[in-house]
Structures are given as C-alpha cells and as structure tokens.
Amino acid sequence: MLVTGATGRVGRVVIDQLLDAGVPVRALTHRSEAAATLPTKVEVFTGDLTVPESLDPALNGAGAVFLVWTAPPRTAAAVVERLAAHVRRVVFLSSPHQTPHPFFQQPNPMAALHADIEQLIAATGLESTIIRPGMFASNSLTWWAPAIRAGEVVRWPYGAAETAPVDDRDVAAVTTRTLYQDGHVGADYVLTGPESLTQAAQVGAIGDALGHRIAFEEMTPDEFRSLSEGTAPSSAVDMLLAAWSTAVGQPAYVTTVVADILGTAPRTFRQWAADHATAFTEGSSPRRPRPAPAS
C-alpha cells in the first residue's frame with residue numbers, strides 16, 4: 001500500500017494502522033528528511049505531486065494508493081493517469097461536497113478540486129473508494145489552542161453554529177480498512193463524529209478536559225476577516241463564515257459510517273479533547289482558520 005500525505009494528520013496514522021494489520025507499507029514524502037519520522041518498516045519514497053513522473057518509483061509494484069491531494073490542481077490529471085497505469089485501487093481523501101446539508105454546500109475551491117479529481121479517477125476505471133470527512137476535531141488546535149495556552153478568552157464567530165467533529169484517528173481507521181479489506185470498492189463514505197455540538201460547546205468540552213472553564217466570546221464576521229488577513233485565503237475565510245452561518249440553529253449532519261465499518265462507536269469530541277489536553281497547554285500553533293476538512 002502506498003500512502004501519500006504520509007506525514008499528515010490522517011496519512012501518518014494510516015501508516016501505523018496498516019503496519020499493525022501486517023500490511024506492507026510505502027510512504028510518499030515531499031522531503032527526504034521526513035523518512036526519519038516514519039517507522040523503520042516503511043519503505044519511503046520521495047516524490048512530488050507537481051512532478052507526476054517523480055511518483056513512478058513509489059508506484060511500481062504497489063497494489064493500492066491512499067491519495068491525499070496536497071498540491072495545486074494543474075497536475076491532477078497527469079497524476080491520476082499515472083496511478084491508473086500502475087495500480088488497481090485508489091482510496092481518495094475528499095470532502096463532503098455532495099452532502100445535502102447547507103454546511104457543506106458553500107462555494108469552496110478545495111471542494112471543487114476534490115470533485116474534479118473524483119471525476120478523473122472515475123474516468124480511468126480504477127477501483128476506488130471515496131472518503132469524505134466532515135469537520136476535523138483537530139481543527140480546534142489551530143483555531144483555539146493559542147488563546148487557551150495564553151489564558152485568554154476564546155473569541156470566535158458563530159458560537160451557536162453546530163458541527164459534528166470527527167476524530168482524525170477514526171478517519172484513519174476507516175481509510176485503513178478500505179485499503180486492505182474487500183467490500184469497499186465503489187463506496188462513498190461521509191465520516192462525522194457521533195454528535196452535533198455548537199462551537200461554544202466544543203470550547204467548553206476542551207475546558208472540561210483541562211479542568212477549568214474557558215470563557216467564550218462572540219466575534220463578528222468582520223473581526224474574523226481582519227484576524228485572518230494574510231494568514232488564510234479570503235475564499236477559505238468566506239467559505240467558513242458562510243458555512244457556520246447556515247449551521248446556526250440546526251443540528252449538524254451526522255452519519256453512522258464509522259461505527260458501521262469499524263464495529264465500534266466513533267470517538268466523541270470530549271474523548272478527543274481529553275486525549276489531546278496537553279496540546280492545549282504546551283507548544284505553539286499558528287492562529288489562523290483552516291477550511292474543512294483537510295486534510
């Protein structure tokens with residue numbers, strides 16, 4: 001199995017879980033020094049999605065690929081052509097842009113790219129599985145951890161907006177199963193956490209994990225745009241604000257896919273917060289918005 005995005009928040013866990021299942025793993029990394037961060041059993045290749053021919057050594061002899069697109073769109077067609085020439089199956093980390101819930105229906109350049117890549121994959125005849133995570137629980141590290149570490153009030157727009165954050169580990173576990181188990185060819189899986197929570201309630205859950213209350217204060221959309229200027233594309237900021245606006249007053253879209261595939265309940269946001277409590281008290285991370293998901 002070849003894992004692209006091998007050092008990312010999903011790909012890195014997929015590697016560990018494939019190894020645990022006894023599946024031989026290859027990793028594609030953009031930089032050779034990344035090999036030092038991966039298990040010694042992993043066969044590491046250096047390649048670049050913007051240089052499609054650089055993928056050939058990693059693809060030769062591979063049976064399936066976990067594709068995480070982390071590059072501009074211009075080489076997507078050439079990369080998918082190369083995948084089709086070398087492997088039988090691809091599992092693609094996409095987004096829920098087809099989901100009939102207003103939260104996922106905002107204009108979004110990343111979703112448009114994902115849709116294009118899905119069409120490219122379908123046109124090749126590759127056996128494929130599409131993985132569509134909703135909002136990642138780990139986004140809260142980027143969004144709220146800096147203020148929490150500094151002991152400040154968490155100021156954020158649309159505190160009443162409801163989402164169903166999914167644990168990165170559950171996304172990785174479903175991905176891993178679809179890579180090495182039969183029965184997932186042609187499947188299209190939307191992954192969410194098990195419960196709908198407002199953004200203010202998510203901050204409260206982090207406070208519970210840390211053992212103290214975290215104050216939450218509503219921020220206006222214009223303040224959020226000013227805060228994000230220079231740190232995130234304006235299109236991503238507008239998409240997030242529009243999505244949160246539509247999510248106020250209605251429950252988030254929730255699926256049972258994680259439980260259906262894994263046979264165990266998906267982790268709650270409270271579980272995720274408890275497991276990552278030290279990340280809100282140590283280290284540093286940039287204070288900038290991140291569109292959903294990512295990957």
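Phenylalanine 269 is buried, with a relative accessibility of just 2%. Keep in mind that this is a predicted model. Below, we start from that ring, move on to other aromatic groups, then look at the empty spaces and finish with one serine in a strand.

**Phenylalanine 269 and its partner**

- Phenylalanine 269 pairs up with tryptophan 272, and the two rings are stacked, with 5.6 Å from centre to centre and 25° between the planes.
- The angle is why this pair gets called stacked: 25° falls under the 30 degrees cut-off.
- Both residues belong to helix H11, which covers residues 269–275, and because they are three residues apart there, about one helical turn separates them.
- Tryptophan 272 is buried too, at a relative accessible area of 1%, next to the 2% for phenylalanine 269.

**Other aromatic groups**

- The count of aromatic pairs in this model comes to 10.
- What makes up the aromatic cluster? Trp143, Trp144, Trp156, Phe224 and Trp244 form it together.
- Phenylalanine 136 has a charged neighbour: arginine 9 lies over the face of its ring, 4.1 Å from the ring centre.

**Cavities**

- How many cavities of 30 Å³ or more does the structure hold? There are four.
- The second largest cavity has about 70 Å³ of space.
- Its lining includes the aromatics Phe103, Phe104 and Tyr253, along with His101, Met135 and Glu162.
- Also on the lining list of this cavity are Gly134, Thr163, Ala164, Thr192 and Ala252.
- Sorted by class, that lining comes to six nonpolar, four polar and one charged residues.
- Glu162 is the charged one, since it is on the lining list and Glu counts as charged.

**The second largest pocket**

- About 340 Å³ of space lies in the second largest pocket.
- Which residues lie nearest the centre of this pocket? Gly5, Leu28, Thr29, His30 and Thr70 do, out of 17 lining residues.
- By class, the pocket lining has nine polar, six nonpolar and two charged residues.

**Serine 128**

- Serine 128 sits in strand E6, which runs over residues 127–133.
- Is serine 128 buried or exposed? It is buried, because its relative accessible area of 17% comes in under the 20% cut-off.
- Leaving out residues up to four places away in sequence, serine 128 touches Val90, Ile121, His184, Val185, Gly186 and Ala187.

Terms used. Residues are numbered from 1 along each chain as its sequence is written. This is a predicted model: local features need pLDDT of at least 70, side-chain atom pairs count only at pLDDT 80 or more; totals for chains, interfaces and linings use all residues. Side-chain values use heavy atoms; hydrogens and water are left out. Rings of Phe, Tyr and Trp (its six-membered ring) pair if their centres lie within 6.5 Å; planes under 30 degrees apart count as stacked, over 60 as edge-to-face and the rest as tilted. Helices (H or I, at least four residues) and strands (E, at least two) are DSSP runs, numbered from the N terminus. Buried means under 20% relative accessible area, exposed over 50%, partly exposed in between (1.4 Å probe, protein chains only). A charge sits over a ring if NZ of Lys or CZ of Arg is within 6 Å of the ring centre and within 35 degrees of the ring normal. On a 1 Å grid over the protein atoms alone, a cavity is a set of points where a 1.4 Å probe fits but cannot get out, and a pocket is an open set with protein on both sides within 12 Å along at least five of seven lines; lining residues have an atom within 4 Å of a point. Grid points are joined across faces, edges and corners, and a volume is the space filled by probe spheres set on the points. Contact means heavy atoms within 4.5 Å.
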